[in-house]
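Here is a friendly walk through one protein chain, from its inner strands out to a few side-chain details. Keep the structure open beside the text as you read.

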Amino acid sequence: MGPGLFWNFPPKAGCTVPQSLLQTMLLSRMAGMKEQQFTEEKPLLPEQRGLDSDMHDRGEEGSGGVSALPSADPAPLAQPPPPSRPNHRWHVIARHWLRQTRCRTSGFNPENCEQLMPAGDWKEHDIETPYGMLHVVIRGAPKGNKPAILTYHDVGLNHKLCFNSFFHNEDMQEITKHFVVCHVDAPGQQIGASQLPQGYQYPTMDQLAGMLPSVVQHFGFKSIVGIGVGAGAYILAKFALIFPDLVEGLVLLNIDPNGKGWIDWAATKLSGLTSALPDTVLPHLFSQEELMSNTELVQSYRQQINNTINQFNLQLFWNMYNSRRDLEMNRSGTVLNAKTLKCPVMLVVGDNAPAEEGVVECNSKLDPTNTTFLKMADSGGLPQITQPGKLTEAFKYFLQGMGYIAYVKDRRLSGGPVPSASMTRLARSRTASLTSASSIDGSRSRACTHSDSTEGVGQVTHTMEVSC
């Protein structure tokens with residue numbers, strides 16, 4: 001401690017405080033200031049705090065509880081009293097802030113999923129529709145003629161469980177800051193939803209699609225780019241068939257356009273009688289390999305489905321999804337008065353996912369000139385959870401092909417921009433099925449296809465199939 005910290009106080013008339021006591025008080029004050037720095041000590045347990053307070057009280061009793069200044073010649077103090085702990089433990093606050101920052105940037109956090117979306121950025125709305133109230137979470141405001149990004153989750157999930165990891169990917173946040181993002185929860189599926197009344201008639205899949213125009217009108221969206229998973233993909237596809245002018249593009253994960261047959265319906269009913277509801281829903285979400293290995297992700301979602309979603313409400317949604325009808329769409333020229341999706345579509349499915357056959361069936365019903373089929377390796381049943389980075393990259397190219405992103409930077413390649421016209425030609429030209437053992441090789445293969453796709457503009461178009 002430097003010599004400049006000890007000052008000589010000139011004597012004043014009427015001052016009875018000795019110099020040694022003032023120096024002791026100064027040392028005590030400095031020790032208290034040092035205690036308020038960002039230390040790494042842990043907060044005291046309640047019983048420890050009680051022990052410290054008892055010792056402090058006994059110390060005051062031993063000193064007689066004297067609070068007045070001592071006489072002119074007091075006995076010298078052996079050592080300064082221990083400084084009191086600061087009221088604000090800033091080191092604890094700093095660690096908590098750092099932990100929450102890591103959760104927001106790393107993606108999925110199974111222990112505390114609801115903390116991933118900052119409350120200040122998102123606004124919740126309950127919108128009245130012709131078929132009941134609909135819970136919506138929105139961030140941002142409509143920007144010019146840009147469409148809104150509207151999401152719809154799968155059965156057994158809600159917008160947080162389904163899309164948190166995907167939308168908290170760093171590259172995805174770079175995309176969404178230019179758009180308004182709207183998450184739609186199916187009736188009664190949001191976290192904290194009250195139980196629907198007994199006898200409540202849950203909306204059909206067609207009616208759930210018919211609720212979305214009220215959302216578009218409520219917020220003044222000119223159009224949307226939809227991202228749907230499973231049941232949500234079915235609902236968004238139905239919405240696009242009924243209201244094609246409101247949909248500019250669709251990203252459909254794990255879509256099954258076919259209704260359940262009697263055998264599948266009976267098997268589902270039997271499974272519901274012999275198993276708990278979460279265990280009945282999990283085979284719809286995850287591949288058999290994931291279920292057999294009982295991964296940490298499966299265990300976490302089993303717990304989240306059981307604890308965060310009202311089971312009565314979930315049962316109603318699950319029953320209605322299993323009662324769905326076939327999507328009435330067929331590729332042009334296959335049947336008379338064929339009707340299919342008119343907007344650009346990107347179909348996504350994981351390898352060995354339970355919906356793999358359904359996605360392939362859906363691909364055969366769509367216009368090949370504006371359809372992209374993406375099969376993702378090592379992603380299981382929920383690619384947006386297990387491979388958010390790969391899906392974000394594909395979504396970038398999808399938006400670029402629609403003309404809403406001027407260029408895309410691939411950080412794993414040279415870092416140079418990829419012209420948007422190249423991606424447009426890629427989506428509309430004949431390409432071979434690309435298979436890669438790793439995402440880096442897959443990126444190189446796609447980059448080569450970008451440069452070679454000019455020759456295929458005038459050829460017969462086919463659906464692009466990419467396996468990454």
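A residue counts as buried when its relative accessible area is under 20%. With that in hand, look at strand 3 of this predicted model: Ala148, Leu150 and Tyr152 lie on one side of the strand, Ile149 and Thr151 on the other, and all are buried. Both faces of strand 3 are therefore covered, since each of these residues falls under the 20% limit.

**The chain as a whole**

The chain has 468 residues, and 43% of them are buried. Its secondary structure comes to 18 helices and twelve strands. Of the contacts between residues at least 6 apart in sequence, 75% join residues at least 24 apart.

**Strands 2 to 5**

Strand 3 (residues 148–152) has a partner in strand 4, which it meets in the parallel sense over four bridges. Within this pairing, Leu150 is bridged to Cys182 and Thr151 to His183. Strand 3 also pairs with strand 5 (residues 224–229), again in the parallel sense, over five bridges. Here Ala148 has Ile224 as its bridge partner.

Strand 4 (residues 181–185) is mostly covered too, with five of its five residues buried. Val181, His183 and Asp185 point one way, while Cys182 and Val184 point the other way. Besides strand 3, strand 4 pairs with strand 2 (residues 132–139); five bridges join strands 2 and 4, which run antiparallel. One of the residues bridged across is His135, whose partner is Asp185.

**The nonpolar core**

In soluble globular proteins, nonpolar side chains tend to be buried together. In this chain, the largest nonpolar core has 95 residues, and those with the most contacts inside it are Ile227, Leu252 and Phe395. Helix 8 (residues 231–242) gives the largest share of this core, nine residues.

What does Ile227 touch, not counting residues up to four places away in sequence? Its contacts include Ile149, Leu150, Thr151 and Tyr152, and also Phe163, Phe166 and Phe167. Met172, Leu236, Val251, Leu253 and Phe395 are in contact with Ile227 as well. Phe163, Phe166 and Phe167 also form one aromatic cluster.

Helix 10 (residues 277–285) is another covered element: seven of its nine residues are buried, so the helix is largely enclosed by the rest of the structure. The buried residues of helix 10 are Leu277, Pro278, Thr280, Val281, Leu282, His284 and Leu285.

**After strand 4**

Ala186 is found in the loop between strand 4 and helix 6 (205–210), and it is buried, with a relative accessible area of 0%. Leaving aside neighbours within four places in sequence, Ala186 is in contact with Tyr152, His153, Tyr202 and Phe317. The C-alpha atoms of Ala186 and Gly232 are separated by 8.7 Å, though these residues are 46 apart along the chain.

Tyr202 is also among the contacts of Asn313, a residue of helix 13 (residues 311–322). Is Asn313 buried or exposed? Asn313 has a relative accessible area of 0%, so it counts as buried. The other contacts of Asn313, again leaving aside neighbours within four places, are Gly188, Gln189, Ala193, Ser194, Gln195 and Leu196. A polar atom of the Asn313 side chain lies 3.1 Å from the backbone oxygen of Gly188.

**Aromatic rings**

The count of aromatic pairs comes to eight. Among them are Tyr200 and Tyr202: their ring centres are 6.2 Å apart and their planes are at 80°, so this pair is edge-to-face. Tyr200 is partly exposed, at 28% relative accessible area, whereas Tyr202 is buried, at 2%.

Rings also have charged groups over them. The table lists two examples.

| Charged residue | Ring | Distance to ring centre |
|---|---|---|
| Lys146 | Phe179 | 5.2 Å |
| Arg324 | Tyr321 | 4.1 Å |

Lys146 lies over the face of Phe179, and the charged end of Arg324 sits over the ring of Tyr321.

**Back to the strands**

Strand 3 is a good place to return to in the viewer. Five of its five residues are buried, and strand 3 pairs with strand 4 and with strand 5. Leu150 brings two of these threads together: it is bridged to Cys182 in strand 4 and is among the residues that Ile227 touches.

How values were computed. Residues are numbered from 1 along each chain as its sequence is written. This is a predicted model: local features need pLDDT of at least 70, side-chain atom pairs count only at pLDDT 80 or more; totals for chains, interfaces and linings use all residues. Side-chain values use heavy atoms; hydrogens and water are left out. A nonpolar core is a set of buried Ala, Val, Leu, Ile, Met, Phe, Trp, Tyr and Cys residues joined through side-chain atoms within 4.5 Å. Buried means under 20% relative accessible area, exposed over 50%, partly exposed in between (1.4 Å probe, protein chains only). Helices (H or I, at least four residues) and strands (E, at least two) are DSSP runs, numbered from the N terminus. Contact means heavy atoms within 4.5 Å. Two strands pair if DSSP finds at least two bridges between them. Rings of Phe, Tyr and Trp (its six-membered ring) pair if their centres lie within 6.5 Å; planes under 30 degrees apart count as stacked, over 60 as edge-to-face and the rest as tilted. A charge sits over a ring if NZ of Lys or CZ of Arg is within 6 Å of the ring centre and within 35 degrees of the ring normal. A polar contact is a pair of N or O atoms within 3.5 Å; within protein, one must be able to donate a hydrogen and the other to accept it, and residues adjacent in sequence count only if both atoms are side-chain atoms.
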